[in-house]
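Hi,

Here is the structure I promised to pass on to you. Have a look at it first, and then read on for what turned up in it.

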Amino acid sequence: MFLHKQASSSFIGSFMLLSLLILPSLLMAQSDRRSFDLSVEPQFRDYFLLDHFGLRLINEGLPLESYLDAETYELGPNDVLSLEMSGGMERAMRGLVINPEGAVFIPGLGKVSFRDKTLTEAREHVTQLASQSFGNTQVSLTLDIPRPIHVHIHGDVESPGRYLLPFGIRLDQAIFRALISPGANPDRTGMFQYDSNFIDNQNLSLRNIHIQKKDESTLTGDLVHYFRTGELEANPVISHGDRIVIRRRISEAPVVSISGAVHLPLTLEYREDDNLERLLDMAGGFTPDAKSDEIIIHSRTANGLQRRTISTDETNLSQVYLNPNDRVVIPMDRNLHQAQNTAVHGEVQLPGTYPIIEGETTVADLLEMSGGITNRALAHGAYLIRATHSSDRVLRDGGVNAEILQRASDQLVQGLEYLQMESTLFRNQIPLDVNNAESLAGIKVYHGDRIFIPRDEHTVIVLGQVNKPGLYAVDEANSAREFVQLAGGFTIAAEESRVFIIKAGSRSWYRPGEVDVESGDIIFVDREPYDELHSRRMFRNSNIQLIMTGITTLATVITTYAVYRRN
């Protein structure tokens, strides 16, 4: 027993040492698929066998995604076989290549033909020959490398013709060079990668790719289905001798669509075997707010438009087949899992985002949830920004287009700049009177709305045609005129009769005297209308020109008189 333990320990130690010896080589082989330089020290060769030939084989061609079917795979030229015989004859051979005649020379058996034989039939044939030559002999015949296949790709593709492709390749990889570029190179794994825009290609009929087999049977590939869902049946394995035909998509060809509460609304080329289950799967399934117990199908019939409602609880969706130009709609349950919230910003006790019920929650409710305003709030400057879209992304009727509603004015540069700023900053803005509880209780809020309570900075903004535009303390003056004087007075282009007070929050315009100036307000001085200013300048310039002409004439007369007197 001691000797057994000692031998076991010795074997384990040898195995660990061997692992350390070959691990670097394995890592190098992984980083460079072309190199498998593995070796074992002589003292370990009685314990381990490294199949150098087998390691080289895995570098050839694409790795198969599934097992090869020996019952159906028909051997042919360039297949690479391995043969092991035991019993009456002990022999192992690797790298047996079937020649163009469909035969292999096997020592002891001579020329063995595998023409028109499946792998299973070839095993039986070799076993029979070995038994006849060597007596009771067990035979193991395996296929190490399947031969490449010839595929014919035709139709409306960039590069039609015959292609030599690896065995086991699927439709998407088989047609890549014919669709994209004959000179395209695969990635390091030997696979081609499609651009994301290829899935949405509207020029080719990618849902109806015709595949004709050698036995005259046909398949139809659907690469859109495969790319959207990974369904392998839609991307079949291509066989030797297959003929693939890809046609351009006809704009008048029938379509099917799915919309509503799905992750990816789609309009797709129609297939005769399209059903609800497949279409829903391609659209990414139901969204969380879907009313998933029913599906509505709108169809056009000889009698006009028809609507069908399918109960998902009582119907196998894979058995509900679609007609050309059917429109599938998934209803939305507006009360299910729908995130509805409104944000409150600025001078409240608890700024943040709060849950609401659209059309029921009011501004007063939200101010209560946020703890009310602080003592630093500019109460009369509060406002609400209405979201331009409702929770289902539909444009609200209440959206305001500030460009259409701009007040008429003969303002030019500074005035128009202010109007542009106003339309940008205050679009869809609703003023809030925070001190009026009844008013706040009447204003409903919707998902995405935002409420702003600004801080009272105790300042007034003076803009427009003043010499020193800027911010001024609210207690430095009482009237708009006094604030204009603080701002350096009117500029030469100012129209002194066009002074406005723009109220905080509402941004309503008033004349001086109509309202008091308060913190947060804007005092805006318009410029003199361009036509009047231009006329005045022209009149002044013409007067100057007339005076200069008179002076010149008078100087000429005096000079002439002086010359006359001298003579």
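Let's start with Ser-259, which stands opposite Val-329 in E15. Please keep in mind that this is a predicted model. The two strands concerned are E11, covering residues 255–260, and E15, covering residues 327–330; they run parallel and are joined by four bridges.

Strand E11 also pairs with E12: here the direction is antiparallel, and again four bridges make the link. Within that pairing, Val-256 has Leu-268 in E12 as its bridge partner. The connection from E11 to E12 is a hairpin of five residues. As a general reminder, strands of a sheet pair through backbone hydrogen bonds, in either a parallel or an antiparallel way.

So where do these strands sit in the sheet as a whole? The sheet is open and has five strands, in the order E12-E11-E15-E13-E14, with mixed pairing. At its edges are strand E12 (266–269) and strand E14 (304–311), each of which pairs on one side only. On average, neighbouring strands in this sheet are turned by 20° against each other, ignoring direction.

The other thing to look at is the largest pocket, which holds about 760 Å³ of space. It is lined by 30 residues, and those closest to its centre are Thr-72, Tyr-73, Glu-74, Phe-167 and Ser-239. What classes of residue make up the lining of the largest pocket? There are twelve nonpolar, seven polar and eleven charged residues.

Enjoy exploring it!

Best wishes

Technical notes. Residues numbered from 1 in each chain as written. Predicted model: local features only at pLDDT ≥ 70, side-chain atom pairs only at ≥ 80, totals over all residues. Heavy atoms only, no water. 1 Å grid on protein atoms, 1.4 Å probe; cavity = no way out; pocket = protein on both sides within 12 Å on 5 of 7 lines; lining within 4 Å. Points joined across faces, edges and corners; volume = space filled by probe spheres on them. Nonpolar A, V, L, I, M, F, W, Y, C, P; charged D, E, K, R; others polar. Pairing = 2+ DSSP bridges. Axes fitted to C-alpha atoms, helices over the stretch in contact; angles between N-to-C directions.
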